[in-house]
There are 2 protein chains.
Amino acid sequence: MSRSNPRVLSTLERAGGFASAQEVYKLMQREGEKIGLTTVYRSLQSLVNDKIVDLLRREDGEAIYRLCGEHHHHHLVCKNCGDTVEIEGGAIEKWAKSMAEDHGFRDVGHTAEIFGICSKC
Amino acid sequence: MSRSNPRVLSTLERAGGFASAQEVYKLMQREGEKIGLTTVYRSLQSLVNDKIVDLLRREDGEAIYRLCGEHHHHHLVCKNCGDTVEIEGGAIEKWAKSMAEDHGFRDVGHTAEIFGICSKC
DNA sequence: TCACAAATGAAAATGATTATCATTTCCATC
DNA sequence: GATGGAAATGATAATCATTTTCATTTGTGA
């Protein structure tokens, strides 16, 4: 059993609490941290085990790690230039909760992304 | 532009309307169909484009294809057994539309999934 | 210092998916 | 029936995230 390298968690926080393993790795490299990709993966898995971060999936299937407990937000993404805006999802939270209750689900989480073409494109 | 090979759709139906590309391929092989993996992928993509099947993700990120009705809906998925319920997302439609408008986005689409543990698990 | 367990990371393996590209099948037209 | 071009097909190679392997390094208690 390996414990999480604290620099991984700190980098995930700095990334806005929302990133893939590859992104965390690249970010750490850019910041001059000496760390291997393997350790990044191991640390993130360990954080998921300890329920410190959530494991979600992007549309293409890539794993993304999200800090738990953090008041999470959603994204508005431009399909053309990739520009991303963080948005609030109060309506979604309520919707997810009530839908889950209606069907007897518990331990509920959700994902929601909006995509389109931004005004610059 | 390639159209879907009808045998792929028919196999997906026979598989219970819920399978990965690899599974559809293996199933067709077992049944003696002469078809290439490439064609299976292409056909499934085309079916997704035509909104004849939905593209979801397993826990491990593998793409699974699922027959669905033609109305736009969302999913409530059990993280444990994979059981899926189709749900309405009226609130989401409005939320996505207004958020996109607020930020000047056009040609807007969205994804939203709720996941949790179902009552049987 | 010594020994040993845990952590690390480079490199190879895995497995799904996508891209390439030559070949085959369709179909309309002659 | 022959012909020509467009679409479909599929074997193979490439891609990319993720996992495994395994040798090396680091930390720690005796």
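This report walks through the domains, the strand pairing, the chain contacts, the DNA surface and the nonpolar cores of the structure above.

The model is predicted.

**Domains of chain A**

Chain A is assigned two domains. Domain 1 covers residues 6-67, and domain 2 covers residues 74-116. Their centres, taken over C-alpha atoms, are 21 Å apart.

**Strand pairing**

Strand β6 of chain A runs over residues 106-117. This strand pairs with a strand of its own chain and with a strand of chain B. Within chain A, β6 pairs with β4, residues 74-78, in the parallel sense. Four bridges join these two strands. At one position, A:Cys78 stands opposite A:Gly116.

Across the chains, β6(A) pairs with β6 of chain B, which also covers residues 106-117. Here the sense is antiparallel, and there are nine bridges. Two of the partners can be named. A:Glu113 is bridged to B:Thr111, and A:Phe115 is bridged to B:Gly109.

**Where chain A meets chain B**

How many residues of each chain are in contact with the other chain? Chain A brings 30 residues and chain B brings 29. On the chain A side, β5 (84-87), α4 (90-102) and β6 each supply at least two residues. The most come from β6(A), which gives 12. By class, this side of chain A has 17 nonpolar, eight polar and five charged residues.

**The surface near DNA strand C**

DNA strand C is surrounded by 16 residues. The closest are A:Arg3, A:Gly36, A:Thr38, A:Thr39 and B:Ala63. Both chains therefore appear in that list of closest residues. Three helices each supply at least two residues of this surface: α3 (37-49) of chain A, and α2 (21-30) and α3 (37-49) of chain B. By class, the surface has five nonpolar, eight polar and three charged residues.

The two surfaces break down by class as follows.

| Surface | Nonpolar | Polar | Charged |
|---|---|---|---|
| Side of chain A that touches chain B | 17 residues | eight residues | five residues |
| Surface near DNA strand C | five residues | eight residues | three residues |

**Nonpolar cores**

The largest nonpolar core has 23 residues. Which of its residues touch the most other members? They are A:Ile92 and B:Ile92. Several elements each supply at least two residues of this core. In chain A these are α4 and β6. In chain B they are β4 (74-78), α4 (90-102) and β6.

A:Ile92 has contacts in both chains. Leaving out residues up to four places away in sequence, A:Ile92 touches A:His74, A:His110 and A:Ala112 in chain A. In chain B, A:Ile92 touches B:Ile92, B:Trp95 and B:Ala112.

A second core is separate and has 13 residues. Among them are B:Leu9, B:Val24, B:Tyr25 and B:Leu44.

**Two residues with positive phi**

A:Asp107 lies in strand β6 of chain A. Its phi is near 55°, a positive value in a residue other than glycine. Is A:Asp107 buried or partly exposed? A:Asp107 counts as partly exposed, because it has 13 C-beta neighbours inside 10 Å.

B:Lys51 sits in a loop of chain B, between α3 and β2 (53-57). B:Lys51 is not a glycine, yet its phi is positive, about 60°. With 12 C-beta neighbours inside 10 Å, B:Lys51 counts as exposed.

Technical notes. Residues are numbered from 1 along each chain as its sequence is written. Chains are lettered from A and ligands numbered from 1 in the order in which they are written. This is a predicted model: local features need pLDDT of at least 70, side-chain atom pairs count only at pLDDT 80 or more; totals for chains, interfaces and linings use all residues. Two strands pair if DSSP finds at least two bridges between them. Two residues are in contact if their C-beta atoms, placed from the backbone, lie within 7 Å. Ala, Val, Leu, Ile, Met, Phe, Trp, Tyr, Cys and Pro count as nonpolar, Asp, Glu, Lys and Arg as charged, and the others, Gly among them, as polar. A residue is near a molecule or strand if its C-beta atom, placed from the backbone, lies within 6 Å of it. Domain bounds come from an automatic or database domain assignment. A nonpolar core is a set of buried Ala, Val, Leu, Ile, Met, Phe, Trp, Tyr and Cys residues joined through C-beta atoms within 7 Å. A residue is buried if 20 or more other C-beta atoms lie within 10 Å of its own, exposed if 12 or fewer, and partly exposed in between; C-beta atoms are placed from the backbone.
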